[in-house]
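Ready to get to know a new protein by working through it? Have a look at the sequence and the 3D view, then try each exercise before reading its solution.

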Amino acid sequence: MNSTYNSASPAVETAMSRPNALITWLMCVAGLVFAMVVVGGITRLTESGLSITEWKPITGALPPLNEASWLSEFEKYKQIPEYTQINGPAGMTLAEFKFIYFWEWIHRLLGRVIGLAFALPLAWFWVKKAIPAGYKPRLLALLALGALQGTIGWWMVSSGLSARTDVSHYRLAVHLLTALTILGGLVWTALDLHALAKDPLARPVKMTGYAAIVLTILFIQLLIGAWVAGLNAGYVANTWPLMNDRFYPEGVDTTQGVFFALVNDPYLTHFVHRWWAWVAVAALLLLARRVKKAGVRGASVAIHSTYGIQIILGIATVITGVNIVLAVSHQAVGALVVASAVWGAHVLGRKTV
């Protein structure tokens, strides 16, 4: 009996170590994606996103290294509407341009780092045959989505380089939601691998219908939140729960239809975002309760904690007139809400396998 156990141990140990290595890798990449969401929030709130007017995936990794290069970049920026209509008349200096350039450069550099942090280890694990059966297509899909995100980022930036003084809020929403989808995919895959590490016969989890409904409600809230950000709608009211002393705000323009106003009018998008939040809270609360009943208290606590903090930060962001620290924290915790909700959804799916 001991002989049989000893001869099987190396095989068991190998099967366990491969998923664990992949889990560590995926969670590190998820941490980088979270950092990307935070830096993206800073970039947006400091109006830095249009400071780099060209897309150079390789050579753009280096910032300007001398005064002549800085002046050249500044001259390119001076050609776009954001400068000619806003920052130019405001008297922007080269030093001020360097500040906004820094944040956009950091944002793009971090995107490159994430690409390498995913692609290179993936290639190594692939060559070493350390990827469990059935996971290669999913990892390739995440790689492709990450590559697409870079293209989406430039597509977003390009919308503000000719006829607008800012980027399209539609494209901004696509960019943010793609990042959060990647984050969710990384977390879900790491959780599947965690189950595999504990049980070599564990199968990947499928999402339940209930969890899909909750995540859809959360997706809608995130979508509207991205519109609020892109339309600068957070600035239209600094009171809560009323908007400028009214439940339903004055100033909503519905002349082109209610739906058009919903996706374009800053007053209406702000109004819907602050009240749909409670629908999302109710859905997440019920998800957390089911997760707790399933026996995974940690996931339940994570869901409750993140949505609770997010509501507080959202209210604080409004009443402070969009304080940048609070606004960035609001976006950061939004990403944590996504990660915790995905964890909870995975728990419910695991119970049905």
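Below are six exercises on this model, each with a worked solution.

**Before you start**

This is a predicted model, in which local features need pLDDT of at least 70 and side-chain atom pairs count only at pLDDT 80 or more, while totals for chains, interfaces and linings use all residues. Residues are numbered from 1 along each chain as its sequence is written, and side-chain values use heavy atoms, with hydrogens and water left out.

**Exercise 1. Find out what pLDDT the protein averages, and what it is over residues 1-17.**

Step one: pLDDT is the predictor's confidence in each residue, from 0 to 100. The protein averages 93, and 95% of the residues score at least 70.

Step two: turn to residues 1-17, where the pLDDT is below 50. Apart from near neighbours in sequence, this stretch has 2 contacts in the model (a contact means heavy atoms within 4.5 Å).

**Exercise 2. Work out how α2 and α4 are oriented to each other, and which residues meet.**

Step one: locate the helices. α2 covers residues 67-77 and α4 covers residues 94-127; helices (H or I, at least four residues) and strands (E, at least two) are DSSP runs, numbered from the N terminus.

Step two: look at the angle. The two helices pack at about 80°, with axes 11 Å apart. Here axes are lines fitted to C-alpha atoms, for helices over the stretch in contact, and angles run from 0 to 180 degrees between N-to-C directions. α2 and α4 are therefore roughly perpendicular to each other (under 35 degrees counts as roughly parallel, over 145 as roughly antiparallel, 65 to 115 as roughly perpendicular and the rest as oblique).

Step three: list the partners. From α2 come E67, W70, L71, E73, F74 and Y77, and they meet L94, F97, K98, I100 and Y101 of α4. The residues of this contact split into 8 nonpolar, no polar and 3 charged (Ala, Val, Leu, Ile, Met, Phe, Trp, Tyr, Cys and Pro count as nonpolar, Asp, Glu, Lys and Arg as charged, and the others, Gly among them, as polar).

**Exercise 3. Check how the end-to-end distance of α4 fits its 34 residues.**

Step one: the expected span of a helix is 1.5 Å times one less than its number of residues. For the 34 residues of α4 that gives 50 Å.

Step two: the end C-alpha atoms of α4 are 48 Å apart, which agrees.

Step three: go just past the end of α4, and you meet K129, with a positive phi of about 55°.

**Exercise 4. Track down the backbone oddities in the loop between α7 and α8.**

Step one: know the usual case. Most residues other than glycine have a negative phi, and most peptide bonds are trans.

Step two: α7 is 209-230 and α8 is 258-264, and the loop between them holds P241. The peptide bond joining W240 and P241 is cis, with omega about 5°.

Step three: D245 lies in this loop too. Its phi is positive, about 70°, although D245 is not a glycine. At 67% relative accessibility, D245 counts as exposed (buried means under 20% relative accessible area, exposed over 50%, partly exposed in between, with a 1.4 Å probe and protein chains only).

**Exercise 5. Is V322 buried or exposed?**

Step one: place V322 in the loop between α10 (297-319) and α11 (324-352). Its phi is near 65°, a positive value in a residue other than glycine.

Step two: the relative accessibility of V322 is 13%, so V322 counts as buried.

**Exercise 6. Find which residues G41, N238 and H273 touch, leaving aside neighbours up to four places away in sequence.**

Step one: G41 sits in helix α1 (residues 2-45) and is buried, with a relative accessible area of 1%. Its contacts are V328 and Q331. G41 and V328 are 287 residues apart along the chain, yet their C-alpha atoms are separated by 5.4 Å.

Step two: N238, in the loop between α7 and α8, is partly exposed at 43% relative accessibility. N238 touches N244, V318, I319 and G321. From N238 to T317 the C-alpha distance is 8.4 Å, with their positions 79 residues apart in sequence.

Step three: H273 belongs to helix α9 (residues 266-293) and counts as buried at 17%. H273 is in contact with Q221, I224, G225, V228 and H330.
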